[in-house]
Structures are given as structure tokens and as C-alpha cells.
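I opened a fresh notebook page for this structure. I wanted its hollows, its sheet and its domains on paper.

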Amino acid sequence: MNKWEDNKAWFLILPVFIIVAFSAVIPLMTVVNYSVQDIFGPGQRFFIGIEWFKEVLSDGRLHEALWRQLLFSGLVLLIEMPLGIGIALLMPKKGWGSSACLVILALPLLIPWNVIGTIWIIFTRPDIGLFGAAINTLGLPFDHTASPFDAWVTVMLMEVWHWTPLVALLAYAGLRAIPEVYYQAAKIDGASSWAIFRYIQLPKMRGVLTIALLLRFMDSFLIYAEPFVLTGGGPGNSTTFLSIYLVKVAVGQFDLGPAAAFSLIYFLIVLLFCWLFYQALQAVGTGDKQ
Amino acid sequence: MARIDLNEIRHSYKPSPKSDDDFALKRVHTTWEDGGAYALLGPSGCGKTTMLNIISGLLKPSHGQILYDGVDVSAMQPEERNIAQVFQFPVLYDTMTVYDNLAFPLRNRNVPASEVDARVRRIAETLELTNDLGKRAAGLSADAKQKISLGRGLVRSDVAAILFDEPLTVIDPHLKWELRRKLKEIHKEFGLTMIYVTHDQVEAMTFADKIVVMYEGEIVQTGTPEELFERPEHVFVGYFIGSPGMGFLECTLEGDIAHVNGAAIPLEPGYGVRASSLGSRFKLGIRPMYLGVHSSREACGELPGFEARVVGVEDQGFCRIVTVQFGGQEIKARINDGHPVAEGLCWLTFPPEKTKLYFNERLVG
């Protein structure tokens with residue numbers, strides 16, 4: 001068969017180029033464009049280089065929001081990962097119990113995010129909320145609209161309630177994929193339950209747990225809707241996470257330049273952390289020890 | 001190191017078995033002598049693995065008892081029974097090194113570190129894993145992985161028995177021989193009871209002193225390779241052992257004479273008496289290598305020759321497999337020497353001492 005050069009093959013991958021361009025590259029480039037210009041109005045644009053980046057990086061309120069955000073995501077991972085794995089381990093392996101657990105676990109994931117915020121506003125209201133009223137009756141003053149600590153507790157509770165099921169479902173899928181023969185071998189070898197978890201279940205779940213960790217990190221680092229509805233970033237700035245602050249800058253103050261620079265830095269931070277987590281988890285699985 | 005008795009074991013995977021067909025193991029009542037090397041041979045789905053898992057305790061039988069050295073262990077977990085089992089596919093603790101994998105069963109039983117080290121190095125040397133001891137198990141080849149699985153089974157010296165469930169399935173053929181030889185060496189050296197499940201008769205015969213043949217959830221014969229070959233107690237054993245397997249002809253019986261569609265074949269004296277009360281429809285069985293095929297009636301010698309027709313000759317190099325049409329039935333003969341066999345008319349001889357009689361699939365006598 002003769003071979004000839006034919007560039008028609010480009011047409012086959014053209015749809016992907018177009019989709020990626022419109023969904024990722026063009027919007028991102030728009031942001032890059034804004035981040036290096038000072039815009040006063042249509043036709044009044046001035047190139048200012050990295051000035052917005054300098055300004056944003058030295059913004060004290062952004063630093064506060066960043067630390068707040070890191071603390072929040074750190075707590076989210078520390079609570080949700082072990083809790084999700086624990087729930088997955090306790091779930092029935094088969095039968096109607098397993099189906100029931102899966103449906104119940106999936107429920108929080110099916111609720112729109114702003115509705116979740118609303119649910120928790122009502123749930124934790126100190127006067128009529130089931131949780132808020134109950135805990136106040138018990139003699140513990142609780143009001144997430146007044147106390148920063150209570151606001152954090154509420155946001156954490158909501159976040160854990162909302163997203164731990166995702167970790168649990170992924171971990172459960174990972175557990176179910178382990179062949180029965182591993183458990184049989186462990187029985188023969190006299191392994192304890194802890195050893196089975198440590199040397200069989202955890203290593204075999206590494207793939208799904210990597211995905212769970214990355215998803216939970218990204219989602220929690222980018223969290224907006226639920227705390228916005230629940231606390232609006234308050235009281236004070238106590239629950240003003242990066243996204244909430246970004247929206248205040250971009251929409252509230254309409255500072256497009258700084259907001260664009262902020263967005264790019266935000267994006268790079270998420271990318272950096274994901275890369276670090278991914279590398280760390282890969283190393284756990286393949287590193288040789290002598 | 002223990003004698004293992006299986007006492008009237010029956011097992012069904014169904015919650016409420018009704019007929020015999022619902023049982024994976026119909027009735028097993030047998031003894032595995034201390035220090036024996038056994039092969040458990042049978043086709044896929046005959047209950048070999050079920051039996052193995054019942055011995056090790058991974059499975060609780062629906063009925064019956066398991067005794068180790070006379071002690072009832074039926075209710076015990078595998079770790080309490082102190083038994084080793086190697087599975088068909090490699091099972092590894094991925095995150096551990098080869099060394100830690102091999103040491104795992106010992107460490108779980110709180111064996112002192114110095115003894116662990118000695119045992120692990122000993123086994124690693126036998127299985128030629130010494131150079132890999134520091135490596136992580138996950139990155140090794142399938143062969144090496146299965147060797148580690150074998151090693152974990154062999155590392156404990158005090159086990160009641162070591163059970164192998166088709167352990168060499170994933171191993172390269174040339175390495176199979178090698179590993180099987182190693183297992184025999186280990187068996188000789190430590191005198192452990194070993195039960196080796198396989199569906200490959202060559203593997204069974206090269207490994208074991210005694211072969212246990214299973215068929216449809218029952219043990220149909222236990223014996224040395226020679227006994228299985230010379231005196232199959234069940235039609236299935238005759239057919240499964242040997243290549244090609246035993247040939248069978250439908251027959252009726254009159255005294256010590258078997259009638260195959262008019263031909264009167266004399267059997268060893270005594271069959272008539274033993275078979276008289278059983279019924280009328282029998283099967284005559286003969287190994288292909290014992291069935292004589294001759295080009296003329298005179299060549300048959302002292303034995304009576306029966307006219308038959310050769311319908312196919314298959315040259316296998318060192319021998320020829322001849323398919324013969326005899327009395328409306330087909331039977332195979334194996335001819336080792338060079339005498340010519342052509343398609344067409346021939347005469348068959350049935351040496352009486354090699355000709356067996358079966359009723360209801362079982363040997364008469």
C-alpha cells in the first residue's frame with residue numbers, strides 16, 4: 001500500500017481543540033489579559049505588567065484569607081478522609097443493607113449547594129433550629145451569626161456532612177474491588193484486623209483515595225456557595241475564604257485587574273498543592289526501601 | 001505436621017440444599033497421613049478447591065468434622081489451625097519488601113526476630129529470591145510474585161500441613177519443573193504434610209506419593225500413580241489418567257466372558273462371581289497400550305483375536321494412536337513398536353490381566 005502525506009487527520013482532532021479552547025484556554029487567557037492591564041472603561045486600557053500581582057500578593061486581607069483557607073482545607077482532609085474510610089469499612093458488604101447505605105450516603109451529594117447552606121442556616125438557628133436550639137437548651141451558647149468559633153464549627157459540620165459521603169463511596173468502591181483471596185491469604189498468615197487494613201486494604205485503596213484526596217482538596221479549597229449562603233463570610237471576616245474574598249474584590253468592588261491576578265495566583269496554588277499530593281501518594285506506592 | 005481426618009464431610013454453597021446435585025462436596029471421608037505428599041487431582045469444578053478450603057478452615061463445611069491429629073478443629077479459624085495455603089494467583093502485600101512478605105506469617109505469630117531472619121533467608125535461598133529480598137514485592141514479575149506466595153506458605157516449619165491450590169498456573173513451563181522439584185525437596189527435608197491441588201495429571205504424578213482423584217464432589221480413588229494407571233477404580237479415573245485415557249466398550253457378561261456385540265472376550269477368572277448380582281449392563285475397560293492390534297489372526301498368538309477395523313492412525317512420533325471400530329463402538333490403541341498398521345481390517349487382543357470390568361462407572365471387584 002502506498003503512503004502519502006495527508007493533513008486531513010487534523011480534522012479528526014479539531015473538535016477536541018475547539019472544545020478545549022472554548023472551555024479552558026480562551027477564558028483563562030481572558031483572565032491573563034485582565035491581570036496585566038488597568039482598565040478604566042471600554043477603550044481605556046493601559047498595560048501595567050505585573051503591578052496587580054504585586055499589589056495582590058502584598059494584600060494583608062488576602063494573606064488572612066489564604067491561611068484561613070489552608071486551615072479549612074487541612075481540617076477538611078484530616079476529618080473527612082479517615083471518617084470516610086471508616087464508614088466504608090463499617091458498611092455491609094452485600095445485601096439490602098449495602099444498597100440502603102449507598103442511597104443514604106448519596107443523598108447529601110444530590111442536594112444543590114446553596115440549598116445545603118439554607119438547610120444548615122435553619123438547622124443551626126439558635127431559636128428554632130433543631131441543632132442550634134437543642135444545644136442552647138443544653139446550656140451551651142451557640143450562635144454562628146455572632147461567634148466566629150461557632151461559625152467555623154457550623155461550616156465544618158456542614159462541609160463534613162456534605163462531602164464525607166463522597167470519600168466513603170470512593171473508599172467503599174475501592175474496598176469492594178479487593179479480591180477475596182487476599183483476605184483468605186491474610187487469614188492463613190494469621191494477620192490481625194489492623195494488619196489487614198494496613199497491608200491489604202489501605203494499599204489497595206491507594207488509587208481511589210488519591211482521587212478522593214485531590215477532589216476533596218480542590219473542592220474545599222475552592223469552596224464558595226455553602227459558606228456564602230450560611231455566613232456570608234462572617235461574622236467579621238472569620239469565614240471569608242479565598243473564593244468569597246475573590247468575589248468581593250471582583251464583583252463587590254469591580255476591581256477586574258486585581259481580581260484577575262488573584263484568580264491566577266489562586267489557580268496556581270491549587271495546581272501546586274494537587275501536584276504535591278499526587279507526587280506524595282505516588283511515592284508511597286512505589287518507593288523502594290533497602 | 002499432622003494427620004488430617006475428614007469425617008463425613010458434605011458441603012453445599014446453597015443455603016438449603018435439596019438433592020445431591022446441590023452439594024459441591026457430596027460425601028468425603030478420608031485421611032491424609034502425617035508427612036504425606038498428596039496430589040488432589042480432578043477436572044475444574046469437581047470440588048478440589050472447596051475441599052482445600054474446608055481443610056484450611058476458610059470454609060465451614062455444611063456437615064462433618066475435620067480432625068488434626070485426632071483433635072476436632074471444625075470450629076477453628078485458619079490462624080488457629082496453624083496451616084499454610086498457597087493460592088492459584090499470587091497474593092502479595094504490595095507495600096512490603098520481599099523480605100517482609102516472607103516474614104509476615106512468622107511475625108504475626110510473634111516468632112523471635114533471629115528465627116524469622118533465619119527462616120526467611122533459608123526459604124529465599126531455596127526459591128532463589130535472595131537477591132530480591134530488599135525489593136518491593138509489587139514491582140516483580142509474575143513468576144517471582146508466585147514464588148513469594150509459595151515462600152509465605154513454606155516459611156513456617158511447624159504447620160499442620162501446606163495446601164497448594166494449583167500454585168504453578170501462572171509460572172512458565174520450564175520453571176514449573178524446577179519449582180515442583182524444589183517442593184519435593186522441601187517435602188523430603190521437613191517431612192511436612194503437603195496437599196497439592198491440580199488438574200494436570202503429569203503435575204500430580206511428579207509431585208505426589210499418593211494421588212487423590214476427585215470427580216463431581218466425591219473422591220473416586222486414592223492411590224499411587226501406578227495403582228491409578230493399572231487399576232482405575234472408576235471409569236473417570238481410567239479416562240482422566242493416561243494419554244489417551246482408558247478405552248471403554250459396552251458389554252454384557254456371561255460367566256467370566258464379556259460379550260461385546262457378539263465377540264466373546266475372556267476376562268480374569270472371578271469376575272463372573274463378583275458381578276453376577278450387580279446387573280446386566282457392564283463396561284469393559286482397557287488401556288490403549290495394552291490393547292493389541294495385529295495385522296492377521298495368526299499374529300495374535302495365544303490370545304483370541306477379534307476382527308475389527310482401523311479407522312484412523314495418528315502418528316505422535318514416539319508412538320502411534322490407532323482408532324479402531326469394534327462391534328459398533330470405537331476404542332483407541334497405542335502402538336509403540338514399529339510394526340505396520342494400515343487402515344482396514346485388523347485383529348484385536350485383550351490381555352485378560354489388563355482388561356477391567358466396570359458396573360455403574362465403578363470397578364467390579
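How much space lies in the second largest pocket? I looked it up: about 420 Å³.

**Ground rules.** I noted that this is a predicted model, in which local features need pLDDT of at least 70, side-chain atom pairs count only at pLDDT 80 or more, and totals for chains, interfaces and linings use all residues. Residues are numbered from 1 along each chain as its sequence is written, chains are lettered from A and ligands numbered from 1 in the order in which they are written, and side-chain values use heavy atoms, with hydrogens and water left out.

**Terms for hollows.** I worked on a 1 Å grid over the protein atoms alone. A cavity is a set of points where a 1.4 Å probe fits but cannot get out. A pocket is an open set with protein on both sides within 12 Å along at least five of seven lines. Lining residues have an atom within 4 Å of a point. Grid points are joined across faces, edges and corners, and a volume is the space filled by probe spheres set on the points.

**Terms for elements.** Helices (H or I, at least four residues) and strands (E, at least two) are DSSP runs, numbered from the N terminus.

**Second largest pocket.** I found 16 lining residues here. A:Lys93, A:Arg176, A:Glu180, A:Tyr183 and A:Gln201 lie nearest the centre. Two or more residues each come from H3, helix H7 (148-176), helix H8 (180-188) and H9 of chain A. H9(A) gives the most, five residues. I sorted the lining by class: Ala, Val, Leu, Ile, Met, Phe, Trp, Tyr, Cys and Pro count as nonpolar, Asp, Glu, Lys and Arg as charged, and the others, Gly among them, as polar. That gave 10 nonpolar, two polar and four charged residues.

**Largest pocket.** I read its volume as about 590 Å³. Its lining has 26 residues, and A:Arg198, A:Leu202, A:Pro203, A:Val284 and B:Thr95 are the closest to the centre. At least two residues each come from helix H3 (60-90), helix H9 (193-204), helix H10 (206-221) and helix H13 (256-286) of chain A, together with helix H3 (98-107) of chain B. Which element gives the most to this lining? H9(A) does, with five residues. By class I noted 14 nonpolar, five polar and seven charged residues.

**Cavities.** I searched the whole structure and got three cavities of 30 Å³ or more. The largest has a volume of about 70 Å³. Residues of chains A and B line this cavity, including A:Ala185, A:Ile188, B:Phe87 and B:Arg152. H8 of chain A, strand E6 (84-86) of chain B and helix H5 (142-154) of chain B each give two or more residues. The largest share, three residues, comes from H5(B). The lining divides into six nonpolar, three polar and two charged residues.

The second largest cavity holds about 40 Å³. Among its lining residues I listed B:Thr126, B:Lys147 and B:Glu178. Helix H6 (residues 173-190) of chain B gives the most, four residues. I counted three nonpolar, one polar and four charged residues in this lining.

**Sheet in chain B.** Two strands pair if DSSP finds at least two bridges between them. I traced an open sheet of six strands, in the order E13-E12-E11-E14-E20-E21, with antiparallel pairing. Why is one side of E13 and of E21 left without a neighbour in the sheet? Strand E13 (263-266) and strand E21 (362-363) stand at the edges, so each has a single partner strand.

At the E21 edge, strand E20 (residues 356-359) pairs with E21(B) over two bridges. B:Phe359 stands opposite B:Arg362.

At the E13 edge, strand E12 (residues 257-260) pairs with E13(B) over four bridges. B:Ala258 has B:Ile265 as its bridge partner. The two strands form a hairpin with two residues between them, and B:Asn261 in the turn has a positive phi of about 45 degrees. I then checked the side chains of E13(B) for burial (buried means under 20% relative accessible area, exposed over 50%, partly exposed in between, with a 1.4 Å probe and protein chains only). B:Ala263 and B:Ile265 point to one face and are buried, while B:Ala264 and B:Pro266 point to the other and are not.

**Domains of chain B.** I noted domain 1 (4-236) and domain 2 (246-363), with bounds from an automatic or database domain assignment. Their centres, taken over C-alpha atoms, are 39 Å apart. In contact (heavy atoms within 4.5 Å) are 10 residues of domain 1 and 12 residues of domain 2.
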